[in-house]
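Please open the structure in your viewer and keep the selection panel at hand. The tour below proceeds one selection at a time.

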Amino acid sequence: MIHDIGEYFDTALALVKAAGNLMTEHVSGCKKFELKSCAIDLVTEVDKKVEETLINGLSNKYPTHKFIGEESVAEGTKCDFTDDPTWIIDPVDGTMNFIHGFPNSSISVGLCINKESVLGIIYNPMLNQLFTAQKGKGAFYNDRQIHVSNVKLLKEALVTFEAGTSNAEEKRQVVFQNFEIMVRNAHGVRCLGSAALNMAMVALGGADVNFEFGIHAWDICAGDILVREAGGVCIDPAGGPFDILSRRVLCASTPELAQEVASTIVQLYPERD
Ligand code: IPD
């Protein structure tokens, strides 16, 4: 079957932009939320509404396509990843930021065909930041083509990573150890509070490397193609090939930097998606 990626992209982009209005109604934060797996893993009605809007809009137009959405999986839908066209959706990536009114949260939508991401959209309506990529067509920030930096050494790199949304002790220890390693060895460290926006910053060249353990497919699907189309690399944090279901990601401006970070950090292997 021939897939018109450009047409899929235009449809998804229109839906994502419209869904952004559901978020901008809460620029000062969204104080009503529920807990999911633990006290720092949160969901709001807006997360659910954005996901429903996107899945309804896309499935009406493409009834044979499949979906993996953060909130549907949280409510018990199986995470079924096949060769079929599969939309992977994080309706509000950075829900903690969204709740507090810290304007770093995004709608992150990727489409995989034959298990490879072919388009990605990361939209932060709070700051009007739109990052997009389609396979073979480059990566864009608000319609301007973007490229990763040329940084090859950790000591020259601005690094982003996160404490994440699990407060399990083993995870916490690894975060603390890696924080110390990065503070000692990198040029600078930042935490944006949105895995998708962290990856978008690598694509933009504003940051040079990002890694995280415990993220999910919906946090990184769009970021993966965005970084690659911007000329960067996306790998497993131990140095091997990227695996979208592994709950592990490392993306960087250059392979040299990616491998240096992979060999420097303490590893964690969460249960797969
Ligand atoms: C989370 C954010 C956070 C990252 C977590 C993600 P959510 O996504 O991206 O920055 O550290 O790993 O789960 O839960 O806000 O969609």
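**The ligand and its surroundings**

Begin by selecting the ligand together with its shell: in this predicted model, 15 residues surround the ligand, and the closest are D93, G94, T95, A195 and E212.

Next, display the pockets of the protein. The largest pocket is the space that the ligand takes up.

Now colour the shell by residue class. The residues around the ligand comprise 3 nonpolar, 6 polar and 6 charged.

Then select strand 4, residues 86-93. This strand supplies the largest share of the shell, namely 3 residues.

Widen the view to the two domains, selecting 5-146 for domain 1 and 154-264 for domain 2. Each of these domains contributes at least three residues to the shell around the ligand.

Return to the ligand and inspect its oxygen atoms. Select D90, where a polar side-chain atom lies 2.9 Å from a ligand oxygen atom. At V92, a backbone N or O atom is 3.1 Å from an oxygen atom of the ligand. Proceed to T95, where a backbone N or O atom lies 2.7 Å from an oxygen atom of the ligand.

Finally, show the protein surface over the ligand. On its own the ligand has 370 Å² of accessible area, of which the protein covers 95%.

Technical notes
Residues numbered from 1 in each chain as written. Predicted model: local features only at pLDDT ≥ 70, side-chain atom pairs only at ≥ 80, totals over all residues. Heavy atoms only, no water. Near = heavy atom within 4 Å. Polar contact = N/O pair within 3.5 Å; in protein donor to acceptor, adjacent residues only side chain to side chain. Areas by Shrake-Rupley, 256 points an atom, 1.4 Å probe, with all protein chains shown as cover. 1 Å grid on protein atoms, 1.4 Å probe; cavity = no way out; pocket = protein on both sides within 12 Å on 5 of 7 lines; lining within 4 Å. Sits in = over half its atoms within 2 Å of the grid points. Helix = DSSP H or I, 4+ residues; strand = E, 2+ residues; numbered from the N terminus. Nonpolar A, V, L, I, M, F, W, Y, C, P; charged D, E, K, R; others polar. Domains from an automatic or database assignment.
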